[in-house]
Amino acid sequence: MEYRGLGSSDLKISEISFGTWAIGGAWGNVNDKESLLALEAAMEQGVNFFDTADVYGDGHSERLLAQATKGREDEIYIATKFCRAGDIHDPATYSEAAVRAYCEASLKRLERERIDLYQIHCPPMPILKDGRVFEVLDKLQQEGKIRHYGVSVESVEEGLYCLEQPNVRALQVIYNIFRQKPLELLNEAHRRGVGILVRLPLASGLLTGKFTAASTFEADDHRRFNENGESFNVGETFAGLGFAKGVELADQLRWIAEGRGNMTRASLRWLLDHEAVSCVIPGFRNVRQVEDNLAALEVPSFTEAERERLSAFYQEKVHPFIRGSY
């Protein structure tokens with residue numbers, strides 16, 4: 001395992017870390033025993049950073065992390081998020097009283113005294129421009145409730161605005177082979193010493209190459225109920241592509257797996273080749289998926305010619321079909 005600095009913060013985190021949205025229960029049925037075994041397997045192989053949120057299974061993923069990391073609080077870092085348990089458009093959701101309550105609730109579920117990275121969970125731009133939420137986070141940081149704070153953003157515009165806030169230490173962005181526009185944001189964040197967490201690196205599984213046009217998903221899986229943005233930002237599901245189009249495009253990318261084992265490992269390797277990326281946070285539900293993701297550390301980097309080919313592919317074949325602001 002290699003470790004990268006989270007921007008200019010004091011955290012050194014595993015370049016492949018893991019997100020816990022899936023084990024919280026929004027990707028179909030999950031098994032807690034399998035989830036805990038997978039968390040243990042990740043830590044045994046050097047993973048020291050996990051990303052979660054208070055709304056992942058209504059706190060379930062936070063509780064699982066508390067169980068898995070008990071006694072390792074000083075060596076395993078946890079990032080969590082807040083605001084989506086309330087009305088994200090209501091300024092009251094970001095008041096000191098509300099944010100303090102969210103923070104205390106997460107600390108209780110995580111069984112920790114401090115959150116390593118506390119993130120605003122995809123707030124709308126008017127909230128960011130209002131700015132008062134950053135003052136609240138400054139206060140919580142001064143009190144020792146949080147170590148650092150950042151923002152999970154949906155668009156380049158939001159990310160660039162957050163970079164103007166002096167104490168934002170990390171941005172979480174959707175970035176993958178199907179969603180390359182944020183490269184400009186990554187480069188600017190790197191220049192300013194702000195860390196980048198890459199979420200949905202496999203485009204909700206499209207970039208594993210395992211789906212066909214006939215694939216189906218369970219009723220409680222967001223890949224079924226949010227394909228067209230019915231419940232939240234369409235970009236959070238299949239990178240903003242419709243499923244059928246995503247499968248069609250993924251089939252055209254099978255060449256990236258040559259010499260790299262499979263598309264999963266190749267897709268993660270492509271992200272890790274960017275020096276601006278602090279870590280990628282793929283999801284998982286079992287030990288096999290953890291091991292497959294970590295195998296990306298061993299595969300060859302992309303050549304400049306391959307990177308140019310993928311950039312052209314995105315511009316010509318993918319970008320015109322992505323829906324939603326990004």
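1. I begin with a single pairing in the sheet of this predicted model: phenylalanine 49 has tyrosine 77, in E5, as its bridge partner. That pair belongs to the contact between strand E4 (residues 49-51) and E5, which pair in the parallel sense over three bridges. Tyr77 is also one of the residues that, together with Ala79 and Lys81, point one way from E5, while Ile78, Thr80 and Phe82 point the other way, and all of these are buried.

2. Strand E5 is accordingly described as mostly covered, with six of its six residues buried. On the side of E6, strand E5 (residues 77-82) is joined by four bridges, and the two strands run parallel. Here the bridge partner of phenylalanine 82 is isoleucine 120, which lies in E6. Strand E6 (residues 115-121) is likewise mostly covered, since seven of its seven residues are buried by the cut-off of under 20% relative accessible area.

3. These strands belong to an open sheet of eight strands in the order E3-E4-E5-E6-E7-E8-E9-E10, and the pairing is parallel. Its edges are formed by strand E3 (18-19) and strand E10 (279-281), each of which pairs on one side only. At the E10 edge, three bridges join strand E9 (residues 195-199) to E10, and these strands run parallel. One of the pairs concerned is arginine 199 with its bridge partner isoleucine 281, the latter being in E10.

4. Two residues deserve a check of their backbone geometry. Cysteine 83, found in the loop between E5 and H4, has a phi near 115°, a positive value in a residue other than glycine. With a relative accessibility of 0%, cysteine 83 counts as buried, because the cut-off for that class is under 20% relative accessible area. Serine 204, placed in the loop between E9 and helix H9 (222-225), also has a positive phi, of about 60°, although it is not a glycine. Serine 204 counts as buried as well, at 3% relative accessibility.

5. Turning to the helices, helix H2 (residues 32-44) and helix H3 (residues 60-68) pack at an angle of about 55°, and their axes are 10 Å apart. The angle falls outside the ranges for roughly parallel, roughly antiparallel and roughly perpendicular, and H2 and H3 are therefore oblique to each other. The crossing in which H2 passes H3 is right-handed. On the H2 side the meeting residues are Asp32, Ser35, Leu36, Leu39 and Met43, and on the H3 side they are His60, Leu64, Leu65, Gln67 and Ala68. By class, the residues of this contact of H2 with H3 divide into six nonpolar, three polar and one charged.

6. Helix H3 also packs against H4, at an angle of about 45° and with the axes 7 Å apart, and that angle makes H3 oblique to H4. Glu62, Arg63, Leu65 and Ala66 of H3 make this contact with Ser106, Arg109 and Leu110 of H4. The residues of the contact of H3 with H4 divide into three nonpolar, one polar and three charged. Leu65 is listed in the contact of H3 with H2 and again in the contact of H3 with H4.

7. Helix H4 (residues 96-110) has a further packing partner in helix H6 (residues 132-142), the angle being about 50° and the axes lying 10 Å apart. H4 and H6 are therefore oblique to each other, and H4 passes H6 in a right-handed crossing. The residues of H4 that take part are Glu96, Val99, Arg100 and Cys103, which meet Val133, Val136, Leu137, Lys139 and Leu140 in H6. The contact of H4 with H6 has six nonpolar and three charged residues, with no polar residue among them.

8. A last point concerns glycine 324, which lies in the segment after helix H13 (304-318). Its relative accessible area of 44% means that glycine 324 is partly exposed, a class that lies between the cut-offs of under 20% for buried and over 50% for exposed. Glycine 324 and valine 55 are 269 residues apart in sequence, and their C-alpha atoms are 22 Å apart in space.

Key:
Residues are numbered from 1 along each chain as its sequence is written. This is a predicted model: local features need pLDDT of at least 70, side-chain atom pairs count only at pLDDT 80 or more; totals for chains, interfaces and linings use all residues. Side-chain values use heavy atoms; hydrogens and water are left out. Axes are lines fitted to C-alpha atoms, for helices over the stretch in contact, and angles run from 0 to 180 degrees between N-to-C directions. Angles under 35 degrees count as roughly parallel, over 145 as roughly antiparallel, 65 to 115 as roughly perpendicular and the rest as oblique. A crossing is left-handed if the near helix is turned anticlockwise from the far one by less than a right angle, and right-handed if clockwise. Contact means heavy atoms within 4.5 Å. Ala, Val, Leu, Ile, Met, Phe, Trp, Tyr, Cys and Pro count as nonpolar, Asp, Glu, Lys and Arg as charged, and the others, Gly among them, as polar. Two strands pair if DSSP finds at least two bridges between them. Buried means under 20% relative accessible area, exposed over 50%, partly exposed in between (1.4 Å probe, protein chains only).
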